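User: I am new to this structure and would like a close look at a single part of it. Please take me through one turn and the strands around it, and then show me how that part relates to the rest.

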Amino acid sequence: MLTVETCPRMEIREIKPDLVAHPGCSSVRVALATNAGLLGFDLPILRDKATFGVRTFWGCPRCGKRRRHLYLRDTQLACR
């Protein structure tokens, strides 16, 4: 049984250094290797101004909300 703890997830911090190098980037193409093959996703990058700089989030492909983590389940990426 898959739970949030056992489900594969992507974290925005994994690509944060690349986003800092390209501040105008508004979306990213992500390729994930799974047992079913290679899956590709175009994900929006959302930014918020903060007192210490800029906070960066994924845009959830299902609901469009800002999320730090996206989970892979049945070849789909989504938030909880």
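Analyst: In this predicted model, the part to look at is the hairpin formed by S6 and S7, which has 2 residues between its strands, and in whose turn Asp-74 has a positive phi of about 55°. The two strands run antiparallel and are joined by 3 bridges. Among the pairings, Leu-72 has Leu-77 of S7 as its bridge partner, while Tyr-71 stands opposite Ala-78 in S7.

The hairpin belongs to an open sheet of 3 strands, in the order S1-S6-S7, with antiparallel pairing. The edge strands, each pairing on one side only, are S1, residues 9–11, and S7, residues 76–78. Between neighbouring strands of this sheet the average turn is 25°, with direction ignored. S1 and S6 are also connected over 3 bridges in the antiparallel sense, and here Met-10 has Leu-70 in S6 as its bridge partner.

From the sheet, one can follow the side chains into the largest nonpolar core, which has 16 residues, and where Met-10, Leu-32, Phe-41, Leu-43, Trp-58, Leu-70 and Leu-77 are those with the most contacts inside it. Two or more residues of this core come from each of strand S2 (27–34), strand S3 (37–50) and strand S6 (69–73), and the largest share, 4 residues, comes from S3. As a general background, nonpolar side chains in soluble globular proteins tend to be buried together.

Leu-77 links the hairpin to this wider picture, for, leaving aside neighbours within four places in sequence, Leu-77 is in contact with Met-10, Leu-32, Phe-41, Leu-43, Pro-61, Arg-62, Leu-70, Tyr-71 and Leu-72. Among these contacts is Leu-72, which is also the bridge partner of Leu-77.

Away from the hairpin, Ser-27 lies in strand S2 and is partly exposed, because its relative accessible area is 45%, which is neither under 20% nor over 50%. Not counting residues up to four places away in sequence, Ser-27 touches Leu-43, Pro-44 and Ile-45. Ser-27 and Trp-58 are 31 residues apart in sequence, whereas in space their C-alpha atoms are 9.0 Å apart.

Finally, a word on the aromatic rings: the structure holds 0 aromatic pairs, but the charged end of Arg-66 sits over the ring of Phe-57, at 5.7 Å from the centre of that ring.

Technical notes: Residues are numbered from 1 along each chain as its sequence is written. This is a predicted model: local features need pLDDT of at least 70, side-chain atom pairs count only at pLDDT 80 or more; totals for chains, interfaces and linings use all residues. Side-chain values use heavy atoms; hydrogens and water are left out. A nonpolar core is a set of buried Ala, Val, Leu, Ile, Met, Phe, Trp, Tyr and Cys residues joined through side-chain atoms within 4.5 Å. Buried means under 20% relative accessible area, exposed over 50%, partly exposed in between (1.4 Å probe, protein chains only). Contact means heavy atoms within 4.5 Å. Rings of Phe, Tyr and Trp (its six-membered ring) pair if their centres lie within 6.5 Å; planes under 30 degrees apart count as stacked, over 60 as edge-to-face and the rest as tilted. A charge sits over a ring if NZ of Lys or CZ of Arg is within 6 Å of the ring centre and within 35 degrees of the ring normal. Two strands pair if DSSP finds at least two bridges between them. Axes are lines fitted to C-alpha atoms, for helices over the stretch in contact, and angles run from 0 to 180 degrees between N-to-C directions.
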